[in-house]
Amino acid sequence: MGAKVSRSDFEWVYTEEPHATRRKEMLAKYPQLKKLMRPDPMFKVYVAMMVLLQFLVCYAIKDQSWTVVLILAYTFGGVINHSLTLAVHEIAHNLAFGHSQPMMNRLFGFFANLPIGIPMSISFKKYHLDHHRYQGDDEKDVDIPSRFETLFFNSTLLKFVWVLMNPWFYSLRPFFINPKPMNTLEIANMAIQFPFDYLLYHFLGFKALAYLIIGSFMGTSLHPMAGHFISEHYMFVKGYETYSYYGPLNWLTWNVGYHTEHHDFPSIPGSNLPKVRKIAPEYYDNLPCHDSWVRVMWDFIFNPEIGPYSRIKRYRPDATERQTLLDKADIKSVNGNGVHVLNGSAKNGVHKPSKHD
């Protein structure tokens, strides 16, 4: 089974979600950041090309052996479909057509969803925006592992299984942790996706459909691109809850690796996130970050100090209770990264965190 995870609970804090405070401060200091809050016209072109490319591959592999289908599903289809799930992430923030055309964004989300094989674009948006608004919230942030996940997947072997099954947990967790009524657009998403899947099966055969769906699950499971699921918010340095990745896979993932920048400015498209760091380097250069998603997954599985519990959660006490808790903890303030400050220094003793390799 391997080494047991040493943590037995989340890292609980009584501070507010840090990114809104950082955003307000940064916009006051660098108003030019507002100019980056506009859709990238090339985004729609690239997404359309990827969708059409997957259709062509489906036609090309319909008569290939299962060995070829599975290898391509992991090495190629999984890459493209993972990229498309992150395109859906961009679209959820209205970054395809802008905030003034929400329905156009939803329709384009349906289109980007087609090669993924599973209707997810609307459900993802419904829960993902809560993750931004209530980051770390004990009830509303469904990006955080459930109690079952933290209690059961508590050893090296079981963490490996958890990473392998991540697509299932990531997809199904919201419906158990914070279920919401199905809306009309979710029904429309299914009404478009399932007939598409049937038509693909009818005209190109089962292997073409399997290539897409298996590729979607492989690409979000034990796959180099899937490291971002762990790198974004799992606590590798005590007190820090959001991490960026500055490696080459950002080219295939709409710069989702610039995750601290994304949470600071969710209205800025991925193509402009590197510009945020360039404009305001003092807000990012001293933060802990990653440069390898493969290394992130390796450390998550084999380091007993890291596991599903390695997340920051925040209580939602009323104002009086919150002040009492802060006084009791002798917390004088909170710095721009959401790290507790005790007598003017970071609680975890980190002043200039080193880069996590």
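Start with the largest pocket of this predicted model, which has a volume of about 1,000 Å³. Select Met120, Ser123, Phe124, Tyr170 and Ser171, because among the 39 residues that line the largest pocket these are the closest to its centre. To see the surrounding walls, colour helix 3 (66-92), helix 5 (121-133), helix 8 (166-177), helix 9 (184-204), helix 10 (206-219) and helix 11 (228-231), the elements that each give two or more residues to the lining of the largest pocket. Helix 8 deserves its own colour, since with 8 residues it gives the most to that lining. If you then colour the lining of the largest pocket by residue class, you should find 22 nonpolar, 12 polar and 5 charged residues.

Next, move to the second largest pocket, whose volume is about 480 Å³. Its lining is made of 23 residues, and the ones to select for a view of the centre are Asn250, Trp251, Trp254, Asn255 and Ser271, which lie nearest to it. Show helix 2 (41-61) together with helix 3, as each of them supplies at least two residues of the lining of the second largest pocket. The largest share of this lining comes from helix 3, with 4 residues, and by class the lining of the second largest pocket holds 14 nonpolar, 7 polar and 2 charged residues.

Now keep helix 2 on screen and add helix 4 (residues 102-113), turning the view until both axes can be followed. Two packed helices are described by the angle between their axes and the distance between the axes. For helix 2 and helix 4, the axes come within 9 Å and cross at roughly 30°, and because angles under 35 degrees count as roughly parallel, helix 2 is roughly parallel to helix 4. Show the side chains of Phe43, Lys44, Val47, Ala48 and Val51 in helix 2, which meet Phe108, Phe111 and Ala112 in helix 4. The contact of helix 2 with helix 4 has 7 nonpolar residues, no polar ones and 1 charged residue.

How do helix 9 and helix 10 lie relative to each other, and at what angle do their axes cross? Select the two helices and compare: their axes come within 6 Å and cross at roughly 140°, and helix 9 and helix 10 are therefore oblique to each other. On the side of helix 9 the contact is made by Asp197, Leu200, Tyr201 and Leu204, and on the side of helix 10 by Phe206, Ala208, Leu209 and Leu212. Coloured by class, the contact of helix 9 with helix 10 shows 7 nonpolar, no polar and 1 charged residues.

The last stops come from a database record. UniProt, in an unreviewed entry, places the feature "transmembrane region" at residues 43-61, 68-87, 107-124 and 199-219. Select residues 107-124, a span that is 61% helix and 0% strand, with end C-alpha atoms 14 Å apart. Then select residues 199-219, where the chain is 95% helix and 0% strand and the end C-alpha atoms are 23 Å apart.

Finish with residues 5-43, which UniProt lists, again in an unreviewed entry, as "domain: Sphingolipid delta4-desaturase N-terminal". Over residues 5-43 the chain is 36% helix and 8% strand, and a distance drawn between the end C-alpha atoms should read 41 Å.

Conventions: Residues numbered from 1 in each chain as written. Predicted model: local features only at pLDDT ≥ 70, side-chain atom pairs only at ≥ 80, totals over all residues. Heavy atoms only, no water. 1 Å grid on protein atoms, 1.4 Å probe; cavity = no way out; pocket = protein on both sides within 12 Å on 5 of 7 lines; lining within 4 Å. Points joined across faces, edges and corners; volume = space filled by probe spheres on them. Nonpolar A, V, L, I, M, F, W, Y, C, P; charged D, E, K, R; others polar. UniProt positions renumbered as here; feature names shortened; annotations may be inferred. Axes fitted to C-alpha atoms, helices over the stretch in contact; angles between N-to-C directions. Parallel < 35°, antiparallel > 145°, perpendicular 65-115°, else oblique. Contact = heavy atoms within 4.5 Å.
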